[in-house]
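Got your viewer open? Load the model, show it as a cartoon, and keep the selection box handy. We'll go stop by stop.

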Amino acid sequence: MLIAADKFKGSLTAVEVAERVTAGLRRVLPDLEVAALPVADGGDGTVAAAVAAGFERREVRVTGPLGDEVTAAFALRGDTAVVEMAEASGLQRLPAGVFAPLTASTYGSGELLRAALDAGARTIVFGVGGSATTDGGAGLLAALGARFRTADGESVPPGGGGLAELASADLSGLDPRLADVEFVLASDVDNPLTGPKGAPAVYGPQKGASADDVAALDAALAHYAKVLEEAVGPRAAEYAASPGAGAAGGIGYGALLVGARFRPGIEVMLDVLGFASALEGTELVITGEGSLDEQTLHGKAPAGVATAARAAGKDVVAVCGRLALPPQALGRAGIRRAYALTDIEPDVAKCIADAGPILERVAENIARDFLT
């Protein structure tokens with residue numbers, strides 16, 4: 001039995017999901033052998049999943065999205081680092097109810113990457129998602145040695161809004177160590193930088209951006225890409241249109257500019273966490289996340305786990321807070337059956353507040369249906 005589930009956002013971490021499912025299964029089958037491999041798709045929780053898989057947690061002081069200092073973590077095993085941009089520049093770093101769509105910066109994410117380089121990383125998996133920012137990765141690049149100037153020769157203000165004032169870009173001072181690392185951009189979204197499907201239009205509103213803010217950010221990022229094209233050539237325009245450039249407010253674009261290779265986040269993380277070897281000797285895999293819905297089918301952790309497990313001939317069931325997919329869609333994703341907390345407790349607020357105990361009851365049902 002292998003539990004490879006993501007977090008239930010706002011209720012349980014991926015580690016806690018595994019613990020609760022294990023407790024429920026063993027209530028029915030006390031001697032059941034259970035292995036846990038908490039997973040993530042590159043968004044918040046990615047470092048925690050790596051640490052649970054045996055990576056060392058490293059902490060460093062970096063610049064938060066609003067310019068204040070925060071303590072952020074990355075994970076290290078040998079010369080492989082897992083870096084999560086949300087640790088430095090995520091919505092989780094903003095005070096409750098506070099948004100800064102025009103001024104939030106990814107500078108701290110660049111500092112976090114620099115800390116991984118300082119720690120000797122030769123392979124960096126850069127998980128992006130859950131960002132508070134829409135600055136096209138300008139802050140990240142600045143922390144790694146790039147210079148962005150206004151017409152007056154001053155540094156551009158932080159955040160995507162400030163890029164409207166950008167007059168020149170100089171990437172010649174980028175950290176030379178970037179050329180010698182394998183740099184993987186791990187994301188569950190494939191949006192370009194700008195346009196109707198770009199970072200401001202699709203993700204700006206969830207970061208507090210008004211319609212006017214979205215328009216301003218889209219124009220500023222398009223201008224930013226144009227200035228970068230003048231500085232580094234046509235590849236800047238190519239990257240702006242590439243899948244993943246719009247990830248996490250465009251930080252994907254900044255990562256691509258310094259040599260990152262885009263891969264679906266869950267695929268990368270399953271490789272890094274050793275999912276293939278964890279599958280050996282198990283016949284049933286339990287995956288899941290807080291909400292199984294249409295988004296799940298487009299690169300989220302449960303779909304990636306199910307695809308990999310089914311390819312290895314393993315059965316897959318899922319747990320979730322709420323289920324918004326019909327059985328046919330689950331079947332096409334490789335999931336035999338899904339068990340939702342709301343099947344036991346219809347009140348969503350209670351499911352969120354008491355997710356742990358309810359999940360244990362869900363796991364009891366899985367044990368009865370599939371293991372006895």
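Start by selecting F126: at 0% relative accessibility, this residue counts as buried (buried is under 20% relative accessible area, exposed over 50%, partly exposed in between, with a 1.4 Å probe and protein chains only). Before going on, some housekeeping: this is a predicted model, so local features need pLDDT of at least 70 and side-chain atom pairs count only at pLDDT 80 or more, while totals for chains, interfaces and linings use all residues. Residues are numbered from 1 along each chain as its sequence is written, and side-chain values use heavy atoms, with hydrogens and water left out.

**Stop 1: the aromatic pairs**

The structure holds three aromatic pairs. Here, rings of Phe, Tyr and Trp (its six-membered ring) pair if their centres lie within 6.5 Å; planes under 30 degrees apart count as stacked, over 60 as edge-to-face and the rest as tilted. Add F183 to your selection: its ring centre is 5.9 Å from that of F126 and the planes meet at 40°, so this pair is tilted. The two come from distant parts of the chain, with F126 in strand β6 (residues 123-127) and F183 in strand β9 (residues 182-187), 57 residues apart. Helices (H or I, at least four residues) and strands (E, at least two) are DSSP runs, numbered from the N terminus. F183 is buried too, with a relative accessible area of 3%.

Now select Y224 and Y253. Their ring centres are 5.7 Å apart with the planes at 80°, so this pair is edge-to-face. It also links distant parts of the chain: Y224 belongs to helix α7 (residues 211-232) and Y253 to helix α9 (residues 247-257), 29 residues apart. Y224 is buried at 0% relative accessible area, and Y253 is buried at 0% as well. Add F148 and you have one aromatic cluster made of F148, Y224 and Y253.

While α9 is on screen, pick A248, which lies in that helix. Its phi is near 50°, a positive value in a residue other than glycine. For context, most residues other than glycine have a negative phi. A248 is buried, with a relative accessible area of 10%.

**Stop 2: helix α10**

Select residues 265-273. Why is this helix largely enclosed by the rest of the structure? Seven of the nine residues of α10 are buried, so the surroundings largely enclose it. The buried ones are G265, I266, V268, M269, L270, V272 and L273. Just after the helix comes G274, with a positive phi near 80°.

Zoom in on G265, which is buried at 0% relative accessible area. What does G265 contact, leaving aside its neighbours within four places in sequence? Display A40, D41, A186, S187 and D188 to see these partners; contact means heavy atoms within 4.5 Å. For a distance label, try the C-alpha atoms of G265 and L185: they are 80 residues apart along the chain and separated by 7.7 Å.

**Stop 3: the largest pocket**

Select K9, D41, D188, Q295 and K300, the residues nearest the centre of the largest pocket, out of 47 that line it. Its volume is about 1200 Å³. The recipe: on a 1 Å grid over the protein atoms alone, a pocket is an open set of points where a 1.4 Å probe fits, with protein on both sides within 12 Å along at least five of seven lines, and lining residues have an atom within 4 Å of a point. Grid points are joined across faces, edges and corners, and the volume is the space filled by probe spheres set on the points.

Colour the elements that each supply at least two lining residues: α9, β10 (261-264), β11 (284-292), β12 (315-323), α14 (341-344) and α15 (348-353). The lining divides into 15 nonpolar, 19 polar and 13 charged residues (Ala, Val, Leu, Ile, Met, Phe, Trp, Tyr, Cys and Pro count as nonpolar, Asp, Glu, Lys and Arg as charged, and the others, Gly among them, as polar).

**Stop 4: G43**

Next, select G43, in the loop between β2 (35-36) and α2 (46-52). Buried or exposed? G43 is buried, with a relative accessible area of 8%. Not counting residues up to four places away in sequence, it touches E84, V128 and G129.

**Last stop: zoom out**

Show everything: the protein has 16 helices and 13 strands. Its C-alpha trace spans about 75 × 45 × 35 Å along the principal axes, and buried residues make up 54% of the 372 residues.
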